[in-house]
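Trainee: Could we go through this structure together? I would like to understand the reasons behind the terms we use for it.

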Amino acid sequence: MKRQDIEEKTKELLKDIIESGNYDLWDVEYVKEGSENYLRVYVDKEGGIMIDDCVQISRALEEKLDAEDFIEDQYIFEVSSPGLTRKLKRESDYERSIGKLLHIKLYKAENGAKEHIGRLKEFDTESLVLSIDEEDVTFNRDNISSARYEYEEKGI
């Protein structure tokens with residue numbers, strides 16, 4: 001079974017678990033690192049994900065994975081938060097990131113740099129607009145090698 005098929009099948013198995021717990025499925029990845037295969041599930045929820053949430057999701061999904069037994073290789077299974085500096089991969093990631101502080105890396109320098117940090121104002125399939133120092137700057141999506149949240153300290 002191909003990596004993409006494993007990820008899609010895992011997402012299908014997660015649907016009921018995610019909906020019943022009001023979780024937000026951020027990503028599923030099946031990757032090889034060194035000699036080990038990893039099946040990683042990244043989840044979030046309003047107010048943040050807690051370790052008990054990860055344990056609950058892990059147990060429920062593990063039961064389904066064992067019953068379906070569709071992954072031929074041995075793998076390490078992990079459920080975690082996508083983290084404070086999570087990567088944006090899909091259109092839905094960008095949709096829920098409007099107003100968030102992003103750190104983008106570019107293939108070719110624009111405005112004198114290959115990295116920029118700004119608040120996501122808007123995006124479409126061809127470009128995204130960051131507010132940087134109160135100025136809106138447009139970047140071509142084809143030139144963006146990665147986009148992730150930038151850590152922001154919250155005031156007390």
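Mentor: Gladly! Keep in mind that this is a predicted model. Let's begin with one residue pair: Asp24 has Asp44 in strand E2 as its bridge partner.

Trainee: What makes E1 and E2 a pair of strands?

Mentor: Two strands pair if there are at least two bridges between them. E1 and E2, the latter spanning residues 36-44, are joined by 9 bridges and run antiparallel, so they satisfy the rule of at least two. Another of their bridges links Lys32 with Asn37 in E2.

Trainee: Which residue takes a positive phi in the hairpin of E1 and E2?

Mentor: That is Gly34, with phi near 65°; the hairpin has 2 residues between the strands.

Trainee: What is the strand order of the open sheet?

Mentor: The order is E1-E2-E3, 3 strands with mixed pairing.

Trainee: And why are E1 and E3 called edge strands?

Mentor: Strand E1 (24-33) and strand E3 (76-80) each pair on one side only, and that is what the name refers to. Within this sheet, neighbouring strands are turned by 15° against each other on average, with direction ignored.

Trainee: Which helices pack on the sheet, and which strands do they touch?

Mentor: Helix H1 (residues 3-20) touches E1 and E2, and its direction makes about 150° with that of E1. Helix H2 (residues 51-68) touches E2 and E3, and its direction makes about 145° with that of E3.

Trainee: How do the axes of H1 and H2 stand to each other?

Mentor: They come within 10 Å and cross at roughly 130°. That makes H1 oblique to H2, because angles over 145 degrees count as roughly antiparallel and 65 to 115 as roughly perpendicular, and the crossing falls in neither class. The crossing of H1 and H2 is right-handed.

Trainee: Which residues of H1 and H2 meet there?

Mentor: From H1 there are Lys9, Thr10, Leu13, Leu14, Asp16 and Ile17, and they meet Ile57, Ala60, Leu61, Lys64, Leu65 and Glu68 of H2. Sorted by class, this contact has 7 nonpolar, 1 polar and 4 charged residues.

Trainee: Let's move along the chain. Why is Leu101 called buried?

Mentor: Buried means under 20% relative accessible area. Leu101 has 18% relative accessibility, so it counts as buried. This residue lies in strand E4.

Trainee: What is Leu101 in contact with, beyond its neighbours within four places in sequence?

Mentor: Its contacts are Ile117, Gly118, Arg119, Arg148, Tyr149, Glu150 and Glu152. Of these, Arg119 in E5 is the bridge partner of Leu101. Leu101 and Ile117 are 16 residues apart in sequence, with their C-alpha atoms 6.9 Å apart in space.

Trainee: How do you know that E4 pairs with E5 and with E8?

Mentor: Again, at least two bridges are needed. E4 and E5 are joined by 6 bridges and run antiparallel. E4 and strand E8 (residues 144-149) have 5 bridges, also in the antiparallel sense. Both pairs therefore meet the requirement of at least two. On the E8 side, Lys105 stands opposite Ser146.

Trainee: What is notable about Asn111?

Mentor: Asn111 has a positive phi of about 50° although it is not a glycine. The residue is in the loop between strand E4 (101-110) and strand E5 (113-123), and these strands form a hairpin with 2 residues between them.

Trainee: Is Asn111 buried or exposed?

Mentor: Exposed means over 50% relative accessible area. At 60% relative accessibility, Asn111 is therefore exposed.

Trainee: And what makes Asp133 exposed?

Mentor: Its relative accessible area is 74%, so it passes the cut-off of over 50%. Asp133 sits in the loop between strand E6 (127-132) and strand E7 (135-140). Its phi is near 50°, a positive value in a residue other than glycine.

Trainee: Then how do you know that Ser127 is buried?

Mentor: Ser127, found in strand E6, has 18% relative accessibility and so counts as buried, the limit being under 20%. Not counting residues up to four places away in sequence, Ser127 touches Thr138, Phe139, Asn140 and Arg141.

Key
Residues are numbered from 1 along each chain as its sequence is written. This is a predicted model: local features need pLDDT of at least 70, side-chain atom pairs count only at pLDDT 80 or more; totals for chains, interfaces and linings use all residues. Side-chain values use heavy atoms; hydrogens and water are left out. Helices (H or I, at least four residues) and strands (E, at least two) are DSSP runs, numbered from the N terminus. Axes are lines fitted to C-alpha atoms, for helices over the stretch in contact, and angles run from 0 to 180 degrees between N-to-C directions. Contact means heavy atoms within 4.5 Å. Buried means under 20% relative accessible area, exposed over 50%, partly exposed in between (1.4 Å probe, protein chains only). Angles under 35 degrees count as roughly parallel, over 145 as roughly antiparallel, 65 to 115 as roughly perpendicular and the rest as oblique. A crossing is left-handed if the near helix is turned anticlockwise from the far one by less than a right angle, and right-handed if clockwise. Ala, Val, Leu, Ile, Met, Phe, Trp, Tyr, Cys and Pro count as nonpolar, Asp, Glu, Lys and Arg as charged, and the others, Gly among them, as polar.
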